[in-house]
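User: Hey, can you walk me through this model before I head back to the bench?
Analyst: Sure, here it is.
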Amino acid sequence: MMQAAPALHLEGVGLDFGSAPLFHDLDLKIGGGIMTVLLGASGVGKTSLLRMLGGLAAPDRGCIVAGDGLPLAGRIAWMGQQDLLLPWASIADNVMLGARLRGESPDRARMGHLLDCVGLAAHAAALPATLSGGMRQRAALARVLYEDRPVILMDEPFSALDSVTRARMQDLAGRMLAGRTVVLITHDPLEACRLADSMLLMAGHPATISAIAVPDGQVPRAVDDPSVLATQSALLRRMLQ
Ligand SMILES: Nc1ncnc2c1ncn2[C@@H]1O[C@H](COP(=O)(O)OP(=O)(O)OP(=O)(O)O)[C@@H](O)[C@H]1O
């Protein structure tokens, strides 16, 4: 059973690159067990924020803590734009990589079940290079799910995919990540509107974050849902300002 998915709290976070702060005294509460989508112009600091949440970069000031007061270390999985599959290992071995790196015996039944869920059961023995981009991202999603962490940080995970494959991945991720604390960066307003339980827009230097109303209905919302389409155009207008 997955551990309870904690909220993430940023308290007075500051981060400097060079002389100007990227973040100054930033307070933010990211909800536990829901999908939070982070939007904002290129260079505003989205990846930097995600890296701090993941413990890959330390804030210069303030701190990031879990809402339940327990340490965050060991409770986070990361999925980026590149699938980062090992080219010489089969899809099955890539999914079970974490277990191998930790010196645990891999759980083949669990791997098989997850490959089945992401539609790759027939490709367990294949090498990544023999699969399409969308199939490799599905394998990367299976690897993230194999880790079974309650917090999942995703940096533009579907941006390299064609629009049909991307829409399918959004459906799959929306269903399979339900109940976890997910923070997803995207530049795509439609993706944000389909997947967000909570939507945050980052702007300015130092960056400030504002919440945006999400469309009606449950995640993953349909691509042609009228509420999704209306919110998408409002969001695009706002991002263009
Ligand atoms: N390690 C670093 N050293 C110096 N500057 C950095 C470093 N990492 C990021 N920056 C700077 O911080 C700013 C924010 O970068 P970041 O990658 O967080 O933005 P982003 O919003 O994710 O952009 P994009 O949407 O283009 O990926 C940029 O100006 C970038 O040059």
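Below we go through the domain annotation, the ligand shell, a helix pair and some backbone oddities.

User: What kind of model is this?
Analyst: It's a predicted model.

User: Which residues does the "domain: ABC transporter" annotation cover?
Analyst: UniProt puts that annotation on residues 8-231, and the entry is unreviewed. In the model, the span is 31% helix and 25% strand. The C-alpha atoms at the two ends of residues 8-231 are 26 Å apart.

User: Now the ligand. Which residues surround it?
Analyst: Phe-17 and Leu-22 are there, along with Gly-40 and then Ser-42, Gly-43, Val-44, Gly-45, Lys-46, Thr-47 and Ser-48.

User: Which helix gives the most to that shell?
Analyst: Helix H1, residues 46-53, with three residues.

User: And how does the shell divide into nonpolar, polar and charged?
Analyst: Three residues are nonpolar, six are polar and one is charged.

User: Switching topic: how do H4 and H5 cross?
Analyst: H4 is residues 108-117 and H5 is residues 133-147; their axes come within 9 Å and cross at roughly 135°. Because of that angle, H4 counts as oblique to H5. The crossing is right-handed.

User: Why do you give both an angle and a distance?
Analyst: Because two packed helices are described by the angle between their axes together with the distance between those axes.

User: Which residues meet there?
Analyst: From H4 you have Arg-110, Met-111, Leu-114 and Leu-115, and they meet Ala-142, Leu-145 and Tyr-146 of H5. Six of the residues in this contact are nonpolar, none is polar and one is charged.

User: OK, backbone oddities. What's going on between His-205 and Pro-206?
Analyst: That peptide bond is cis, with omega near -5°. Pro-206 is in the loop that links strand S8 (198-203) and strand S9 (208-212).

User: And what about the bond joining Val-219 and Pro-220?
Analyst: A cis peptide bond too, with omega about -5°. Pro-220 sits in the loop between S9 and helix H8 (226-240).

User: What's the phi of Asp-25?
Analyst: Positive, about 50°, although Asp-25 is not a glycine.

User: Where is Asp-25, then?
Analyst: In strand S2, which covers residues 21-30.

User: Great. Can you recap what I should look at on screen?
Analyst: Here's a short list:
- the ligand shell, including Lys-46, Thr-47 and Ser-48
- the right-handed crossing of H4 and H5
- the cis bond from His-205 to Pro-206
- the cis bond joining Val-219 and Pro-220
- Asp-25 with its positive phi

Methods:
Residues are numbered from 1 along each chain as its sequence is written. This is a predicted model: local features need pLDDT of at least 70, side-chain atom pairs count only at pLDDT 80 or more; totals for chains, interfaces and linings use all residues. UniProt positions are given in the numbering used here, feature names are shortened, and annotations may be inferred rather than shown by experiment. Helices (H or I, at least four residues) and strands (E, at least two) are DSSP runs, numbered from the N terminus. Axes are lines fitted to C-alpha atoms, for helices over the stretch in contact, and angles run from 0 to 180 degrees between N-to-C directions. Angles under 35 degrees count as roughly parallel, over 145 as roughly antiparallel, 65 to 115 as roughly perpendicular and the rest as oblique. A crossing is left-handed if the near helix is turned anticlockwise from the far one by less than a right angle, and right-handed if clockwise. Two residues are in contact if their C-beta atoms, placed from the backbone, lie within 7 Å. Ala, Val, Leu, Ile, Met, Phe, Trp, Tyr, Cys and Pro count as nonpolar, Asp, Glu, Lys and Arg as charged, and the others, Gly among them, as polar. A residue is near a molecule or strand if its C-beta atom, placed from the backbone, lies within 6 Å of it.
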